[in-house]
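Hello,

Here is the structure I promised to pass on, with its sequence alongside. My notes on the charged side chains follow below, so have a look at the model while you read.

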Amino acid sequence: MPAAPSPAHGAASSDARRPAGDPVDATDQAPRTAAEKALEKAWKVDLRELGRRAGTMREWDKTLPAMAGWGVEMIGVPEGAPVHLRLRLESVMEGVLVSGQVDVPVTGQCARCLDPLEDTLTLDVQELYAYAGSTTEATSEEDEVRRIDGESLDLAPLVRDTVVLTLPLSPTCTPDCAGLCVDCGERLDDLPADHSHEVIDPRWAGLAARLADTDTTDSADRPQPGSASRTDPEEN
């Protein structure tokens, strides 16, 4: 079952889940390994082949490994999972317009029954990356527009934000998942419709325990079926 709908199906999102922003100060982070640097480079598009002439277009079809932290508490994209990008990069006056679709695998847990979830989402993306010094760059707040860094643009933050804003905070394995039984912890959808547990009022719990002990004692003292009482011959 789908773990989360694509944006076309009206997936709920909240600005409260929007990442605070791209890390800009590398001194606050641990030193990156060669593999991490290579992964970051793989997500960057070299724009020298595209050029700045308005109307120039380039197709970008690649599969890249997901980076860490693409998800919410109960569901997300596993680090290193293959992410398929089918994008079109178009040079415009103010920058580069990126549009297309992204296929991302997600895994997680059902918020009601805790069963594992697994699905692949197809997400639509469209974003303008502004040139440094362009009117868009000059008139927009830092967090309102993505910027082109020299001769390249970074696709990773765009995909990450799209994923995070699409995923539900409380994913479910099915829309009508009944969850778990509060008494035995079993999945309700796997139990019979008349499943129930005897509930004793706490005020009578002590009396119920004493009655249970009394019944046990009486059963032990009561003669067992088939054990007839016999008289010892020496007593006659």
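**Salt bridges in the model**

The side chains of R86 and D103 come together in a salt bridge, with an N to O distance of 2.5 Å. This contact joins distant parts of the chain: R86 sits in strand 4 (residues 82–91) and D103 in strand 5 (residues 95–109), 17 residues apart. Please keep in mind that this is a predicted model.

How exposed are the two partners? R86 has a relative accessible area of 27%, so it counts as partly exposed. D103 has a relative accessible area of 17%, and because buried means under 20%, D103 is classed as buried.

In total, the structure holds 5 salt bridges. Two more of them share D161, and you may enjoy looking at these together.

The side chain of D161 forms a salt bridge with that of R146, at 2.9 Å from N to O. Here, too, distant parts of the chain are linked: D161 belongs to helix 3 (residues 156–166) and R146 to strand 7 (residues 146–147), with their positions 15 residues apart in the numbering. D161 and R146 are both buried.

D161 also meets the side chain of R160 in a salt bridge, this time at 3.1 Å from N to O. R160 is buried, as is D161.

Which residues make up the salt-bridge network around these contacts? The network links E127, R146, R160 and D161.

Happy to hear what you make of it when you have had a look.

Best wishes

Methods. Residues are numbered from 1 along each chain as its sequence is written. This is a predicted model: local features need pLDDT of at least 70, side-chain atom pairs count only at pLDDT 80 or more; totals for chains, interfaces and linings use all residues. Side-chain values use heavy atoms; hydrogens and water are left out. A salt bridge is a side-chain nitrogen of Lys or Arg within 4 Å of a carboxyl oxygen of Asp or Glu. Helices (H or I, at least four residues) and strands (E, at least two) are DSSP runs, numbered from the N terminus. Buried means under 20% relative accessible area, exposed over 50%, partly exposed in between (1.4 Å probe, protein chains only).
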